[in-house]
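Grab your viewer and work through a few short exercises on the model below. Try each one before you read the solution.

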Amino acid sequence: MQMSGKALHIVSFDNPYPPNYGGVIDVYYKIMALHQIGYSIHLHCFVKEIPEHFDELKALTATVCFYKIEQNPLYFLSRLPFSVISRSDRKLIENIVKEEAPILFDGLKTTCLMNALRLKSYKKYLRLHNIEPNYYKGIASSETNFMKKIAFYLEARKYKRYEYEMNAFNKVFTLSEFENEVVNQRFSNAVYIPVFHGNVAVKELSDFGNYALYHGDLTTSDNRKTVMFLVGVFKQIPDYQLIIASGSNEEFVKSQIDDASNIQFVALKGFDHLKQLFSEAHLNICWSFQKSGTKLKLINSLFNSRHCIINENIIDDYKVSGLCIQVKNEEELLTAIKKTIQLPFTETARRKKILESHLNDIENARLLAAELSK
């Protein structure tokens, strides 16, 4: 039941619907949870293409405004990060000043206009999605295209200067304990609020599933690097099946598989399809070669599937990582896979106790609301 609420501007780096990849999942389900506890949301979205229909967003918000991301090559010459200056439509200010309400900038890349004189009196908050210099440096190290690698390294350097803007916010809401510590050491204004994800209850499943599952957005270099790594691992376990599920880069995956008959690519048709894959998987592998926040793929796996094997870059919230099998390298991963495929899954009750309270979207929306009202 919706309570009488307060108004809030949310500036999003992308269209949060459909919530089909990491960052926008947090945006969309945060909007949904705030709406459910009574907030009147004025949503501002920077997008590559302005959508004709957005009924799902209208149902959760008071107003929705879209702004075109300007992909001007001259922006690469700016001292500002390209992903920041490309989101600088002055119409944003015109629309914000129509409603006197705090502003939550979703991602540091949405903050180009935060210091505009007309917004001086507004309370401003940041939902930090990454330590951006680390994030772009990590992407650059995984990228194989030389020009893209240089562009990502330059973006990392620019963000190193730009991240001092975090000092100007009333609060910075972080997605991980690591990011919370980094921001508080430098600016003393961080609050850890776990990721919003849309799951309500842990799914009850049988003791055994049928295969190992890796899923991810394969337009990102870190995920492609992970696929290459996992293909190499499962070629050493030819009698157990690995499914690689994604909505992108099917040809890339098939080029890596070669003649490995136990590895299969599945083209994702949507989240319902992914949940079906979760329900039939015996183990999920969540792996990253860069430390950058909390990986939504793990949260979805924990709520909807069985065993989860991770490395240290996936999550640093000990309450959640304690529900996983954590390994450090290829040798430990191989050992863990061989052991886990023989192991029945009996952790449902423990997951319910931890996840349905600690990662409860409504309760975390109330934590966020308490910070906004201070």
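What follows is a set of exercises, each with a worked solution.

This is a predicted model, where local features need pLDDT of at least 70, side-chain atom pairs count only at pLDDT 80 or more, and totals for chains, interfaces and linings use all residues. Residues are numbered from 1 along each chain as its sequence is written, and side-chain values use heavy atoms, with hydrogens and water left out.

**Exercise 1.** Work out which residues line the second largest pocket, and which element gives the largest share of that lining.

Solution.
- Start with the volume, which is about 200 Å³.
- Next, list the lining: Tyr 29, Met 32, Ala 33, Gln 36, Gly 198, Asn 199, Val 200, Glu 356, Leu 359, Asn 360, Asp 361 and Ile 362.
- Map these onto elements: α1 (22-36) and α15 (361-372) are the ones that give two or more residues.
- The largest share, four residues, comes from α1.
- Finally, sort by class: six are nonpolar, four polar and two charged.

On terms, a pocket is an open set of points on a 1 Å grid over the protein atoms alone, with protein on both sides within 12 Å along at least five of seven lines, while a cavity is a set where a 1.4 Å probe fits but cannot get out; lining residues have an atom within 4 Å of a point.

**Exercise 2.** Describe the lining of the second largest cavity by class.

Solution.
- The structure holds two cavities of 30 Å³ or more.
- The second largest one has about 30 Å³ of space.
- Its lining includes Leu 175, Tyr 192, Thr 294, Asp 317 and Leu 359.
- By class, that lining has eight nonpolar, one polar and one charged residues.

**Exercise 3.** Hunt for backbone oddities, keeping in mind that most residues other than glycine have a negative phi, and most peptide bonds are trans.

Solution.
- A cis peptide bond joins Tyr 17 and Pro 18, with omega at about 0 degrees; Pro 18 sits in the loop between β1 (7-12) and α1.
- Asn 249 isn't a glycine, yet has a positive phi of about 60 degrees. You'll find Asn 249 in the loop between β9 (242-246) and α9 (250-257).
- Asp 258 also has a positive phi, near 55 degrees, and belongs to the loop between α9 and β10 (263-267).

**Exercise 4.** Is Asp 258 buried or exposed?

Solution.
- Take the cut-offs: buried is under 20% relative accessible area, exposed over 50%, partly exposed in between (1.4 Å probe, protein chains only).
- Asp 258 has 55% relative accessibility, so Asp 258 counts as exposed.
- For contrast, Asn 249 has 33%, so Asn 249 counts as partly exposed.

Terms used:
Grid points are joined across faces, edges and corners, and a volume is the space filled by probe spheres set on the points. Ala, Val, Leu, Ile, Met, Phe, Trp, Tyr, Cys and Pro count as nonpolar, Asp, Glu, Lys and Arg as charged, and the others, Gly among them, as polar.
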